[in-house]
Amino acid sequence: MKTIGLNIEKALGAVTKEQVYAQAAKAKAANQTLENGTGKGNDFLGWLHLPSAIQAAELADIQKTADKFRANCEVVVVVGIGGSYLGAKAVMEAIGGTFDHYGRCGTDPQPAAKKQPVVVFAGHNISEDYLYELQAFLKGKSFGIVNISKSGTTTEPALAFRLLKKQLEDAVGKGQALTRIVAITDKARGALRTLATKEGYKTYVIPDDVGGRFSVLTPVGLLPIAIAGIDIKQLVQGAADMEKATASTVAFDDNISEIYAATRNELYKSGKKIEILANFTPKLHYVSEWWKQLYGESEGKEHKGIFTASVDFTTDLHSMGQWIQDGERSIFETVLSVDQVKHSVTVPSDSDNLDGLNYLSGKHVDFVNKQAELGTQMAHVDGGVPNLKITLPKLNEYYLGQLLYFFERACGISGYLLGVNPFDQPGVEAYKKNMFSLLGKK
Ligand code: PA5
């Protein structure tokens with residue numbers, strides 16, 4: 001089994017290899033605590049063995065529902081926020097064609113692929129303009145809705161769903177609308193469960209023991225991802241293989257989740273309070289958004305925890321690059337690097353050479369990008385920014401499944417090393433209390 005790789009060599013300096021390896025026993029113990037279910041937040045460990053536990057029949061049922069949406073809808077609106085949104089968005093952006101939102105126009109030669117619905121998101125903001133424009137976009141189109149909320153009471157998705165449900169019912173009638181709405185929520189509790197039961201929607205259950213930010217491999221992520229035409233079996237297979245590769249029985253030296261967790265905690269102790277996840281392809285932008293939530297919400301507690309930030313290179317080398325190179329030395333960088341691109345584009349030769357680029361004629365664009373990546377790493381390491389590098393052989397479903405699970409497992413280990421409960425989020429309630437009181441909610 002080929003797996004994604006982790007290289008910490010360029011992070012050594014701020015901390016030594018000995019310091020990282022001195023944490024091996026603690027990281028191993030934290031991993032065992034996850035597996036034994038004896039640590040903080042142990043009622044939220046359902047994600048740990050999710051990839052190996054998913055049954056083929058469950059995947060087939062999700063695929064069948066997805067195929068129905070794909071056959072009947074021009075647009076599918078996925079409603080959700082936070083953990084009920086970011087996983088699906090991350091996978092779709094990473095695997096789908098960059099311009100799929102504008103309709104298929106030849107990036108995929110298969111005619112069948114041209115027929116797939118456009119997947120859009122709602123319920124992840126409370127913007128009146130966003131909702132107006134979404135409703136205008138949906139007008140006259142055949143659309144379906146996947147409404148996702150674990151608690152079933154979150155304001156943002158509830159508000160968006162109320163509007164979209166009315167629009168769909170007004171357009172096609174209540175009976176037809178019913179066949180184009182799926183709810184993904186708690187098995188028994190919450191307003192969305194009550195609504196789905198009353199209306200008779202098809203539903204999927206978010207397991208009690210899987211928190212939102214760890215739910216990408218439940219129907220929360222899998223249904224929207226399958227609707228977008230992405231291979232969920234390969235995604236789960238990648239995660240299942242990474243589940244094996246990061247088990248506590250795997251030696252620390254070979255266990256990339258343990259090494260990543262130990263290294264970032266040592267860097268944090270040495271004063272590196274901010275971790276910047278960097279990529280060199282815009283396809284990974286939302287993987288970073290998903291990762292920021294995973295680590296930020298899991299570790300930012302009790303007035304401690306690494307602040308998670310992200311940059312898209314080379315774009316952000318022309319903005320945040322200055323700060324990273326020369327600003328306060330409280331950061332370290334983790335670079336997501338993709339070995340092999342999907343498509344081939346070479347630099348054409350130009351007889352005038354007015355742009356001076358002929359020295360690159362015949363070279364692949366990715367060759368240029370890789371030199372930018374190497375040059376950036378050298379500059380940042382020279383500038384006092386420890387660098388970790390995670391390498392994906394290719395950006396496909398299988399390796400993305402590995403990456404998502406690798407981060408999840410490392411997050412659990414890292415949270416335990418930090419001494420917090422990585423599976424709760426008491427801090428997110430504060431704004432809600434104020435908002436509800438300002439809104440006059442009883
Ligand atoms: O990770 C989390 O728990 C949160 O980000 C939730 O996913 C988010 O608040 C949405 O909650 P819900 O699915 O209950 O609507």
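## A guided tour, starting at the ligand

Select Gln293 and the ligand together: a polar side-chain atom of Gln293 sits 2.6 Å from an oxygen atom of the ligand. Taken alone, the ligand would expose 390 Å², and the protein buries 86% of that. Keep in mind as you go that this is a predicted model.

**Stay with the ligand.** Add Ser149 to your selection. One of its polar side-chain atoms lies 2.6 Å from a ligand oxygen atom. Now add Ser84, where a polar side-chain atom is 2.7 Å from an oxygen atom of the ligand. To see the wider setting, show what surrounds the ligand: 13 residues do, and the closest are Ser84, Ser149, Lys150, Thr154 and Gln293. If you display pockets, the space taken by the ligand is the second largest pocket.

**Next stop: Lys301.** Select Lys301, in the loop between helix H13 (285-299) and strand E8 (307-312). Is Lys301 buried or exposed? Its relative accessibility is 9%, so Lys301 counts as buried. Follow the side chain of Lys301 and you will find the backbone oxygen of Asn421 at 2.7 Å. Show the surroundings too: leaving out residues up to four places away in sequence, Lys301 touches Arg213, along with Val420, Asn421, Pro422, Phe423, Asp424, Gln425 and Pro426.

**One step along: Glu302.** Glu302 lies in the loop between H13 and E8 as well. With 54% relative accessibility, Glu302 counts as exposed, because the cut-off for that label is over 50%. Check the backbone while you are here: phi of Glu302 is near 50 degrees, a positive value in a residue other than glycine. Most residues other than glycine have a negative phi, and most peptide bonds are trans.

**A second positive phi: Asn353.** Jump to Asn353, in the loop between strand E9 (331-340) and helix H15 (365-382). Here too phi is positive, near 50 degrees, in a residue that is not glycine. The relative accessible area of Asn353 is 27%, so Asn353 is partly exposed.

**A cis peptide bond.** Now select Phe313 and Thr314 and look at the bond between them. The peptide bond that joins Phe313 and Thr314 is cis, with omega about 10 degrees. You will find Thr314 in the loop between E8 and helix H14 (321-326).

**Over to helix H9.** Select Glu199, which belongs to helix H9 (residues 191-199). What is its side chain joined to by a polar contact of 3.3 Å? The partner is the side chain of Lys165. Glu199 is buried, since its relative accessible area is 15% and the label applies under 20%. Beyond its neighbours within four places in sequence, Glu199 is in contact with Lys165, Glu169, Lys174 and Leu178.

**Last stop: Ile259.** Finish in helix H12 (residues 256-269), where you will find Ile259. At 9% relative accessibility, Ile259 counts as buried. Show its contacts and you should see Leu6, Ile8, Tyr21, Phe252 and Asp253, once residues up to four places away in sequence are set aside. For a sense of scale, draw a distance from Ile259 to Asp366: they are 29 Å apart in space, C-alpha to C-alpha, and 107 residues apart in sequence.

Notes:
Residues are numbered from 1 along each chain as its sequence is written. This is a predicted model: local features need pLDDT of at least 70, side-chain atom pairs count only at pLDDT 80 or more; totals for chains, interfaces and linings use all residues. Side-chain values use heavy atoms; hydrogens and water are left out. Helices (H or I, at least four residues) and strands (E, at least two) are DSSP runs, numbered from the N terminus. Buried means under 20% relative accessible area, exposed over 50%, partly exposed in between (1.4 Å probe, protein chains only). A polar contact is a pair of N or O atoms within 3.5 Å; within protein, one must be able to donate a hydrogen and the other to accept it, and residues adjacent in sequence count only if both atoms are side-chain atoms. Contact means heavy atoms within 4.5 Å. A residue is near a molecule or strand if one of its heavy atoms lies within 4 Å of it. Accessible areas come from the Shrake-Rupley method with a 1.4 Å probe; for residues, only the protein chains shown count as cover. On a 1 Å grid over the protein atoms alone, a cavity is a set of points where a 1.4 Å probe fits but cannot get out, and a pocket is an open set with protein on both sides within 12 Å along at least five of seven lines; lining residues have an atom within 4 Å of a point. A molecule sits in a cavity or pocket if more than half of its atoms lie within 2 Å of its grid points.
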